[in-house]
Amino acid sequence: MKREECWEKTYKEIWKFVCENHRGPSHHREDEMKMTNWMKYNRKRLNKDLMSTKRKEEFLKLRELINSFHRVNQYC
């Protein structure tokens, strides 16, 4: 499997996970650690500006989806 195919496969897995669970992967759950590490690695590459524009756009969409499920404290 080529790197591009592997990246796309993992991206789709995480997208599906977020849509089903309405949250991002947690670093506290062992079965979600692979997804969490993938997110951290790609966030670092994004910050260093090492991503292609296509991957950057897709990764930013994924981060927006995850952020759309964040809760706001109702007591503030």
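Here are four short exercises on this structure, each with a worked solution.

Before you start, note that this is a predicted model, where local features need pLDDT of at least 70, side-chain atom pairs count only at pLDDT 80 or more, and totals for chains, interfaces and linings use all residues. Residues are numbered from 1 along each chain as its sequence is written, and side-chain values use heavy atoms, with hydrogens and water left out.

**Exercise 1. Find helix α2 and work out which residues of α2 are buried.**

Step 1: Locate the helix. Helices are DSSP runs (H or I, at least four residues), numbered from the N terminus. α2 covers residues 33–47, which makes 15 residues.

Step 2: Check its span. From first C-alpha to last, α2 reaches 21 Å, close to the 21 Å expected at 1.5 Å a residue. The expected span is 1.5 Å times one less than the number of residues.

Step 3: Pick out the buried residues. Buried means under 20% relative accessible area, exposed over 50%, and partly exposed in between (1.4 Å probe, protein chains only). In α2 the buried ones are M35, T36, W38, M39, N42 and L46.

Step 4: Look down the axis. The buried residues of α2 fall within an arc of 160°, so they line one face of the helix. That arc is taken from the directions from the helix axis to the C-beta atoms. An α-helix has 3.6 residues a turn, so residues three or four places apart point the same way.

Step 5: Turn to the other face. Away from the buried side, α2 carries the exposed residues K34, Y41, K44 and N47.

Step 6: See what does the covering. The cover over the buried residues of α2 includes α1 (3–21) and α3 (53–68).

**Exercise 2. Find the residues that lie nearest the centre of the largest pocket.**

Step 1: Know what to look for. On a 1 Å grid over the protein atoms alone, a pocket is an open set of points where a 1.4 Å probe fits, with protein on both sides within 12 Å along at least five of seven lines; lining residues have an atom within 4 Å of a point.

Step 2: Go to the centre. The largest pocket has a volume of about 270 Å³, and of its 14 lining residues, G24, M39, R43, I66 and H70 lie nearest the centre.

Step 3: Trace the elements. α2 and α3 are the ones that give two or more residues to this lining.

**Exercise 3. Decide which helix gives the largest share of the second largest pocket's lining.**

Step 1: List the lining. The second largest pocket, at about 200 Å³, is lined by R3, C6, W7, T10, K34, W38, Y41, N42, R45 and R55.

Step 2: Sort by helix. α1 and α2 each supply at least two of these residues, and the largest share, 5 residues, comes from α2.

**Exercise 4. Place H22, D49 and E58, and say how accessible each one is.**

Step 1: Start with H22. You'll find H22 in the loop between α1 and α2, with a positive phi of about 55° although it is not a glycine. H22 is partly exposed, at 47% relative accessible area.

Step 2: Move on to D49. D49 sits in the loop between α2 and α3 and has a positive phi of about 60°. At 51% relative accessibility, D49 is exposed.

Step 3: Finish with E58. E58 belongs to helix α3 and is buried, with a relative accessible area of 17%. Leaving aside neighbours within four places in sequence, E58 is in contact (heavy atoms within 4.5 Å) with W7, E8 and Y11.

Terms used. Points joined across faces, edges and corners; volume = space filled by probe spheres on them.
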